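Subject: The structure I promised you

Hi,

Here is the structure we talked about. Have a look at it first, then read on with it open beside you.

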Amino acid sequence: RPDGSPDQPDAPLTPTEAALAAIWSEVLGVPDIARTDNFFERGGHSLLVMTLSALVLERLGRRLPLRTVFEHPTLGALAATLAEPDDGPSGGERLADMDRWLNEIEA
């Protein structure tokens, strides 16, 4: 695990990666997060994805669709998606999408 120093090869590289790593650390209860870490391999699960999504919105001002975490589970990949422009659906559309997605998981 990286100690956060820049000479660590898999330490977070960008401000987005560093901010996301801090959120992951809090959500997962682990002290160090590498950019190559997988959210689920570090102890994450579907309920923690919802917590992660809420904290990303609160702290980074970016919406994070739950599906995106499953599609891009490593810190580096997820941070890259957060760096892309946020031109997604409205709040009501996002809630409807989340409801459909949760129903898919439960089925």
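Below is what I found in it, going from the whole chain down to single residues.

One thing to keep in mind as you read: this is a predicted model.

**The whole chain**

The secondary structure comes to five helices and zero strands, so the pattern you read along the sequence is α-α-α-α-α. The chain has 107 residues, and 36% of them are buried. I also looked at contacts between residues at least 6 apart in sequence: 54% of those join residues at least 24 apart.

**How α1 meets α2**

When two helices pack, people describe them by the angle between their axes and the distance between the axes. Try that on helix α1 (residues 15-28) and helix α2 (residues 46-60): their axes come within 10 Å and cross at roughly 140°. The two helices are therefore oblique to each other, and their crossing is right-handed.

Which residues do the touching? On the α1 side you'll find A19, L20, I23, W24, E26, V27 and L28, and they meet L48, T51, L52, L55, V56, R59 and L60 in α2. Sorted by type, the residues of this contact are 11 nonpolar, one polar and two charged.

**How α1 meets α4**

Helix α1 has another partner that's worth finding on your screen. The axes of α1 and α4 come within 9 Å, with a crossing angle of roughly 120°. That makes α1 oblique to α4, and this crossing is right-handed. The contact is made by T16, E17, L20, A21 and W24 of α1, together with L75, G76, L78, A79 and L82 of α4. By type, that gives seven nonpolar residues, two polar and one charged.

While you're there, look at α4 itself, which covers residues 75-83. Its buried residues are L75, G76, L78, A79, T81 and L82. What do they pack against? They sit against α1, α2 and α3 (66-71).

**Three residues to click on**

*S25.* This one is in helix α1. Is S25 buried or exposed? Its relative accessible area is 18%, under the 20% cut-off, so S25 counts as buried. The S25 side chain reaches the backbone oxygen of V30 at 2.3 Å. If you leave out residues up to four places away in sequence, S25 touches V30, P31 and I33.

*L55.* You've already met L55 as part of the contact between α1 and α2. L55 belongs to helix α2, and with a relative accessible area of 11% it is buried. Setting aside neighbours within four places in sequence, L55 is in contact with I23, E26, V27 and L60. L55 and L20 make a nice pair to look at too: they are 35 residues apart in sequence, but their C-alpha atoms are 9.4 Å apart in space.

*A54.* Right beside L55 in the numbering, A54 is also found in helix α2. A54 is partly exposed, with a relative accessible area of 47%. Its C-alpha atom is separated by 7.9 Å from that of L64, which is 10 residues away along the chain.

If you'd like a place to begin, colour α1 and find L20, which takes part in the contact with α2 and also in the contact with α4.

Cheers

Note on methods. Residues numbered from 1 in each chain as written. Predicted model: local features only at pLDDT ≥ 70, side-chain atom pairs only at ≥ 80, totals over all residues. Heavy atoms only, no water. Axes fitted to C-alpha atoms, helices over the stretch in contact; angles between N-to-C directions. Helix = DSSP H or I, 4+ residues; strand = E, 2+ residues; numbered from the N terminus. Parallel < 35°, antiparallel > 145°, perpendicular 65-115°, else oblique. Left-handed = near helix turned anticlockwise from the far one by under 90°. Contact = heavy atoms within 4.5 Å. Nonpolar A, V, L, I, M, F, W, Y, C, P; charged D, E, K, R; others polar. Buried < 20%, exposed > 50% of the residue type's maximum accessible area, 1.4 Å probe, protein only. Polar contact = N/O pair within 3.5 Å; in protein donor to acceptor, adjacent residues only side chain to side chain.
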